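Work through the exercises below with the sequence and the structure in view. Each task is followed by a solution in steps.

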Amino acid sequence: MKRSFENWLWEDLEREFGIEQQSLALMDSWLYNQVIITDKEAEQLTHLSEIFNRYYEDWNEDELKMQFIAPLLLVIDYYDTGYTPFSQRNLAAEVGNWELYGRVDWMLAKGRQIPRKPYLFIHEYKPEKGRNNDPKGQLLAAMLVAQVQNKDGKAIYGVYVIGKDWRFVVLKDTAYQVSRPYQVNEDADFEVIVKALKQIKNILL
(Lines give C-alpha, C1' and ligand atoms only; values in the text may rest on other atoms or scores of the structure.)
Protein backbone atom coordinates (compact mmCIF):
# COMPACT_ATOMS: atom_id res chain seq x y z
CA MET A 1 0.00 0.00 0.00
CA LYS A 2 1.17 3.51 -0.81
CA ARG A 3 0.29 6.84 0.74
CA SER A 4 1.92 10.23 0.38
CA PHE A 5 3.12 12.24 3.36
CA GLU A 6 0.42 14.86 2.91
CA ASN A 7 -2.33 12.26 3.29
CA TRP A 8 -1.28 11.06 6.74
CA LEU A 9 -2.83 12.29 9.96
CA TRP A 10 -0.66 12.02 13.06
CA GLU A 11 -3.24 9.81 14.80
CA ASP A 12 -3.19 7.39 11.86
CA LEU A 13 0.61 7.23 12.08
CA GLU A 14 0.42 6.42 15.79
CA ARG A 15 -2.09 3.65 15.20
CA GLU A 16 -0.39 2.17 12.13
CA PHE A 17 3.27 2.35 13.19
CA GLY A 18 3.03 2.20 16.97
CA ILE A 19 4.64 5.56 17.65
CA GLU A 20 3.62 7.42 20.79
CA GLN A 21 4.00 11.01 21.93
CA GLN A 22 5.87 11.38 25.22
CA SER A 23 8.43 13.58 26.93
CA LEU A 24 11.98 13.10 25.66
CA ALA A 25 15.18 14.38 27.24
CA LEU A 26 16.43 14.92 23.69
CA MET A 27 13.92 17.75 23.27
CA ASP A 28 15.19 19.61 26.33
CA SER A 29 18.83 19.27 25.26
CA TRP A 30 17.88 20.52 21.78
CA LEU A 31 15.86 23.57 22.80
CA TYR A 32 17.53 24.57 26.05
CA ASN A 33 21.20 24.70 25.21
CA GLN A 34 24.28 26.88 25.73
CA VAL A 35 24.65 27.94 22.10
CA ILE A 36 26.15 31.40 21.63
CA ILE A 37 24.81 33.88 19.07
CA THR A 38 27.69 35.95 17.70
CA ASP A 39 27.52 39.71 17.23
CA LYS A 40 27.53 39.27 13.46
CA GLU A 41 24.67 36.76 13.64
CA ALA A 42 22.73 39.00 16.04
CA GLU A 43 22.93 41.89 13.57
CA GLN A 44 21.66 39.72 10.71
CA LEU A 45 18.93 38.20 12.87
CA THR A 46 17.70 41.59 14.03
CA HIS A 47 17.33 42.66 10.41
CA LEU A 48 15.44 39.46 9.54
CA SER A 49 13.18 39.89 12.55
CA GLU A 50 12.31 43.43 11.49
CA ILE A 51 11.47 42.25 7.97
CA PHE A 52 9.34 39.40 9.31
CA ASN A 53 7.35 41.58 11.70
CA ARG A 54 6.65 44.09 8.95
CA TYR A 55 5.62 41.74 6.16
CA TYR A 56 4.74 38.22 7.34
CA GLU A 57 0.98 38.75 7.43
CA ASP A 58 1.08 39.61 3.73
CA TRP A 59 3.34 36.76 2.60
CA ASN A 60 2.22 33.56 0.94
CA GLU A 61 3.98 30.28 1.72
CA ASP A 62 6.68 30.73 -0.89
CA GLU A 63 7.41 34.29 0.21
CA LEU A 64 7.69 33.16 3.83
CA LYS A 65 10.21 30.55 2.75
CA MET A 66 12.27 32.70 0.39
CA GLN A 67 12.27 35.97 2.31
CA PHE A 68 12.60 34.72 5.87
CA ILE A 69 13.25 31.00 6.37
CA ALA A 70 15.92 30.66 3.65
CA PRO A 71 17.90 33.73 4.82
CA LEU A 72 17.62 32.52 8.41
CA LEU A 73 19.07 29.12 7.46
CA LEU A 74 21.93 30.87 5.64
CA VAL A 75 22.77 32.73 8.86
CA ILE A 76 22.86 29.39 10.68
CA ASP A 77 25.16 28.00 7.92
CA TYR A 78 24.95 24.21 7.90
CA TYR A 79 27.63 23.85 5.24
CA ASP A 80 30.41 23.23 7.78
CA THR A 81 28.75 20.17 9.32
CA GLY A 82 29.42 17.55 6.62
CA TYR A 83 25.70 17.70 5.83
CA THR A 84 24.03 19.52 2.93
CA PRO A 85 20.72 21.42 2.81
CA PHE A 86 18.29 20.09 0.20
CA SER A 87 15.01 21.61 -0.94
CA GLN A 88 12.02 20.11 -2.75
CA ARG A 89 13.47 16.59 -2.90
CA ASN A 90 11.54 13.34 -3.08
CA LEU A 91 11.80 10.84 -0.27
CA ALA A 92 10.30 7.36 0.01
CA ALA A 93 10.68 4.09 1.92
CA GLU A 94 8.72 1.06 2.99
CA VAL A 95 7.66 1.48 6.60
CA GLY A 96 5.85 -1.56 7.92
CA ASN A 97 3.20 -2.51 5.40
CA TRP A 98 3.18 0.89 3.74
CA GLU A 99 5.24 2.75 1.19
CA LEU A 100 5.47 6.32 2.44
CA TYR A 101 6.52 8.93 -0.10
CA GLY A 102 6.46 12.63 -0.75
CA ARG A 103 8.33 15.81 -1.56
CA VAL A 104 10.16 17.41 1.33
CA ASP A 105 10.24 21.21 1.64
CA TRP A 106 13.73 21.29 3.20
CA MET A 107 16.04 18.77 4.81
CA LEU A 108 19.59 18.51 6.08
CA ALA A 109 21.20 15.27 4.93
CA LYS A 110 24.44 13.62 3.91
CA GLY A 111 25.33 13.79 0.23
CA ARG A 112 26.00 16.49 -2.36
CA GLN A 113 23.63 15.71 -5.24
CA ILE A 114 21.46 13.04 -3.64
CA PRO A 115 20.26 13.33 -0.03
CA ARG A 116 21.35 10.42 2.14
CA LYS A 117 20.85 10.03 5.88
CA PRO A 118 18.43 12.94 6.46
CA TYR A 119 18.42 14.13 10.07
CA LEU A 120 16.58 17.47 10.07
CA PHE A 121 13.39 18.43 8.25
CA ILE A 122 11.64 21.78 7.99
CA HIS A 123 8.12 22.01 6.60
CA GLU A 124 6.59 25.43 5.91
CA TYR A 125 2.90 26.24 5.97
CA LYS A 126 1.93 29.88 5.69
CA PRO A 127 -1.88 29.66 6.06
CA GLU A 128 -2.99 29.79 9.70
CA LYS A 129 -6.57 29.00 8.71
CA GLY A 130 -8.24 26.66 6.28
CA ARG A 131 -5.53 23.98 6.05
CA ASN A 132 -6.80 20.71 4.59
CA ASN A 133 -3.83 18.58 5.60
CA ASP A 134 -2.05 17.82 8.86
CA PRO A 135 1.43 19.41 9.03
CA LYS A 136 2.36 17.40 12.11
CA GLY A 137 1.37 14.16 10.36
CA GLN A 138 3.17 15.10 7.16
CA LEU A 139 6.39 15.88 9.03
CA LEU A 140 6.22 12.71 11.12
CA ALA A 141 5.70 10.60 7.99
CA ALA A 142 8.89 12.02 6.47
CA MET A 143 10.76 11.46 9.74
CA LEU A 144 9.64 7.80 9.82
CA VAL A 145 11.02 7.35 6.30
CA ALA A 146 14.34 8.88 7.40
CA GLN A 147 14.44 6.55 10.40
CA VAL A 148 14.06 3.52 8.11
CA GLN A 149 16.58 4.81 5.56
CA ASN A 150 19.27 5.75 8.08
CA LYS A 151 19.24 2.44 9.96
CA ASP A 152 21.48 3.85 12.69
CA GLY A 153 19.13 4.20 15.66
CA LYS A 154 19.77 7.93 15.95
CA ALA A 155 17.05 10.46 16.62
CA ILE A 156 15.44 12.35 13.74
CA TYR A 157 14.72 16.06 14.16
CA GLY A 158 12.03 18.17 12.53
CA VAL A 159 10.31 21.54 12.53
CA TYR A 160 7.00 22.62 11.11
CA VAL A 161 6.12 26.25 10.61
CA ILE A 162 2.62 27.68 10.51
CA GLY A 163 2.69 31.42 10.03
CA LYS A 164 4.71 32.84 12.92
CA ASP A 165 4.62 29.61 14.96
CA TRP A 166 7.51 27.11 14.96
CA ARG A 167 7.05 23.68 16.53
CA PHE A 168 9.99 21.35 17.07
CA VAL A 169 9.71 17.57 16.79
CA VAL A 170 12.03 14.75 17.89
CA LEU A 171 11.51 11.11 16.88
CA LYS A 172 13.54 8.39 18.62
CA ASP A 173 12.61 4.75 18.04
CA THR A 174 8.82 4.67 18.60
CA ALA A 175 8.67 7.77 20.81
CA TYR A 176 8.24 11.33 19.65
CA GLN A 177 7.66 14.73 21.18
CA VAL A 178 6.28 17.97 19.77
CA SER A 179 7.21 21.25 21.43
CA ARG A 180 4.89 24.11 22.20
CA PRO A 181 4.75 26.74 19.45
CA TYR A 182 7.57 29.27 19.50
CA GLN A 183 6.65 32.57 17.87
CA VAL A 184 9.09 34.42 15.64
CA ASN A 185 7.64 37.80 16.59
CA GLU A 186 8.43 37.24 20.28
CA ASP A 187 12.08 38.05 21.02
CA ALA A 188 12.57 35.32 23.64
CA ASP A 189 10.94 32.70 21.41
CA PHE A 190 12.94 33.80 18.37
CA GLU A 191 16.13 33.31 20.37
CA VAL A 192 15.05 29.75 21.22
CA ILE A 193 14.34 29.07 17.53
CA VAL A 194 17.74 30.36 16.43
CA LYS A 195 19.67 28.53 19.15
CA ALA A 196 17.81 25.28 18.40
CA LEU A 197 18.72 25.56 14.71
CA LYS A 198 22.35 26.19 15.67
CA GLN A 199 22.32 23.33 18.20
CA ILE A 200 21.62 20.88 15.37
CA LYS A 201 25.20 21.54 14.20
CA ASN A 202 26.51 20.37 17.58
CA ILE A 203 24.26 17.33 17.58
CA LEU A 204 25.47 16.22 14.16
CA LEU A 205 29.18 16.84 14.62
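Two residues are in contact when heavy atoms of theirs lie within 4.5 Å. The model is a predicted one.

**Exercise 1.** Find the residues that Phe121 contacts, leaving aside its neighbours within four places in sequence.

Solution. Start with the lower-numbered partners: Leu91, Val104, Trp106 and Met107 are among them. Continue along the chain to Leu139, Ala142, Met143 and Ala146, which also touch Phe121. Ile156, Tyr157, Gly158 and Val159 complete the list. Then place Phe121 in its setting: the largest nonpolar core has 72 residues, and Phe121 is one of those with the most contacts inside it, along with Trp30, Phe68, Trp166 and Phe168.

**Exercise 2.** Decide whether Phe86 is buried or exposed, and trace its link to Asp105.

Solution. Locate Phe86 in strand E3, residues 84–95. Its relative accessibility is 3%, so Phe86 counts as buried. Among its contacts beyond four places in sequence are Asp105, Trp106 and Met107. Asp105 belongs to strand E4, residues 98–110. Seen from Asp105, the contacts include Phe86, Ser87 and Gln88, as well as Glu61 and Ile122. Asp105 is buried but has no salt bridge; Lys65, the nearest side chain of opposite charge, is 5.3 Å away. A salt bridge needs the nitrogen and the carboxyl oxygen within 4 Å.

**Exercise 3.** Describe how helices H1 and H5 meet.

Solution. Take H1 as residues 10–17 and H5 as residues 135–150; their axes come within 8 Å and cross at roughly 35 degrees. From H1, the residues involved are Trp10, Leu13 and Phe17. From H5, they are Lys136, Gly137, Leu140, Ala141 and Leu144. Sorted by class, this contact has six nonpolar residues, one polar and one charged.

**Exercise 4.** How many salt bridges are there, and how exposed are the partners Asp12 and Arg3?

Solution. The count comes to nine salt bridges. In one of them, Asp12 pairs with Arg3, with the closest N and O atoms 4.0 Å apart. Asp12 is buried because its relative accessible area is 19%, under the 20% limit. Arg3, at 23%, is partly exposed. Arg15 joins Arg3 and Asp12 in a network of salt bridges.

Next, take Glu41 and Lys198, whose side chains form a salt bridge at 2.8 Å, N to O. This pair links distant parts of the chain, with Glu41 in helix H3 and Lys198 in helix H6, 157 residues apart. Both Glu41 and Lys198 are buried.

Key
Residues are numbered from 1 along each chain as its sequence is written. This is a predicted model: local features need pLDDT of at least 70, side-chain atom pairs count only at pLDDT 80 or more; totals for chains, interfaces and linings use all residues. Side-chain values use heavy atoms; hydrogens and water are left out. Helices (H or I, at least four residues) and strands (E, at least two) are DSSP runs, numbered from the N terminus. Buried means under 20% relative accessible area, exposed over 50%, partly exposed in between (1.4 Å probe, protein chains only). Axes are lines fitted to C-alpha atoms, for helices over the stretch in contact, and angles run from 0 to 180 degrees between N-to-C directions. Ala, Val, Leu, Ile, Met, Phe, Trp, Tyr, Cys and Pro count as nonpolar, Asp, Glu, Lys and Arg as charged, and the others, Gly among them, as polar. Lys and Arg count as positive and Asp and Glu as negative; His and the chain ends are not counted. A nonpolar core is a set of buried Ala, Val, Leu, Ile, Met, Phe, Trp, Tyr and Cys residues joined through side-chain atoms within 4.5 Å.
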